[in-house]
Amino acid sequence: MKALRYAVAVLALLVAGVAQAQVAGPPAWLQQLDLSQAQQDQVFEIFYRLAPVVRERLQASRRAHEALEDLAIAASLDSDRGREAFEAEAQALAEVAGIRLQAMRSVYGLLTAEQRAQALKLPIRYE
């Protein structure tokens, strides 16, 4: 039982780290490309439209994570509730990743051939 609580606590902490890494804005490496003002405006619009959805999903992830933390320190461990909370958190984070992927595909479509080639040469393209 003690090992199970420890495992739940470790998983909760790992997922929390992933959740904090998720952001709603464009990745920093885009600043290294010479985007035109029109491209910058379009990138802003893409991420601005998605920000409320990303925020809602991150909040859902945080709520599920808090439920996991509560279960980890509870006197009696409810494995069904733990599994549900873990799955809810993982699903919310997966949805955020999918949203970011769609956004980046839209941004990639805005880039010129030269900018795409330059992006491929950047040492850190993804965060």
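This is a short talk on one protein chain, its helices, its buried cores and a few of its residues.

The model is predicted; local features need a pLDDT of at least 70, side-chain atom pairs count only at pLDDT 80 or more, and totals for chains, interfaces and linings use all residues. Residues are numbered from 1 along each chain as its sequence is written, and side-chain values use heavy atoms, with hydrogens and water left out.

I start with confidence. pLDDT is the predictor's confidence in each residue, on a scale from 0 to 100. The protein chain averages 80, and 75% of the residues score at least 70. Among the elements, helix H2, residues 37-73, has the highest mean pLDDT, 91, and helix H1, residues 2-21, the lowest, 47. Over residues 3-10 the pLDDT is below 50, and this stretch has nine contacts in the model beyond near neighbours in sequence. Residues 12-21 are also below 50, with twelve such contacts. A contact here means heavy atoms within 4.5 Å.

Next, the overall layout. The protein chain has four helices and zero strands, and reads α-α-α-α along the sequence. Helices (H or I, at least four residues) and strands (E, at least two) are DSSP runs, numbered from the N terminus. Among contacts between residues at least 6 apart in sequence, 81% join residues at least 24 apart.

Helix H3 can be checked for length. The expected span of a helix is 1.5 Å times one less than its number of residues. For the 32 residues of H3 that gives 46 Å, and the end C-alpha atoms are 47 Å apart, so the two values agree.

Now the surface and the interior. The accessible surface of the protein chain is about 8400 Å², and 58% of it belongs to carbon and sulfur atoms. These areas come from the Shrake-Rupley method with a 1.4 Å probe; for residues, only the protein chains shown count as cover. Of the 127 residues, 32% count as buried. Buried means under 20% relative accessible area, exposed means over 50%, and partly exposed is in between (1.4 Å probe, protein chains only).

In soluble globular proteins, nonpolar side chains tend to be buried together. A nonpolar core is a set of buried Ala, Val, Leu, Ile, Met, Phe, Trp, Tyr and Cys residues joined through side-chain atoms within 4.5 Å. The largest one here has 13 residues, and those with the most contacts inside it are Trp29, Leu30, Leu33, Val43, Phe47 and Val107. Helices H2 and H3 (79-110) each supply at least two residues of this core. A second, separate core has five residues, including Val54, Leu58, Val96 and Ile99. The buried residues of H3 include Gly82, Glu89, Arg100 and Val107.

I will go through some residues of H2. Phenylalanine 47 is in this helix. With a relative accessible area of 5%, phenylalanine 47 is buried. Phenylalanine 47 and isoleucine 99 are 52 residues apart in sequence, and their C-alpha atoms are 9.7 Å apart.

Valine 53 also lies in H2. Its relative accessible area is 40%, so valine 53 is partly exposed. Between the C-alpha atoms of valine 53 and isoleucine 99 there are 8.5 Å, with 46 residues separating them along the chain.

Histidine 65 is found in H2 too. Is histidine 65 buried or exposed? At 9% relative accessible area, histidine 65 is buried. Its side chain makes a polar contact with the side chain of glutamate 89, at 3.2 Å. A polar contact is a pair of N or O atoms within 3.5 Å; within protein, one must be able to donate a hydrogen and the other to accept it, and residues adjacent in sequence count only if both atoms are side-chain atoms.

On H3 we find serine 106. Serine 106 has 37% relative accessibility and therefore counts as partly exposed. Its C-alpha atom is 7.6 Å from that of isoleucine 46, which is 60 residues away along the chain.

The last residue is leucine 122, in the segment after helix H4 (113-121). Leucine 122 counts as buried, at 11% relative accessibility. Which residues does leucine 122 touch, not counting those up to four places away in sequence? They are Trp29, Gln32 and Leu33. The C-alpha atoms of leucine 122 and leucine 30 are separated by 9.8 Å, at 92 residues apart along the chain.
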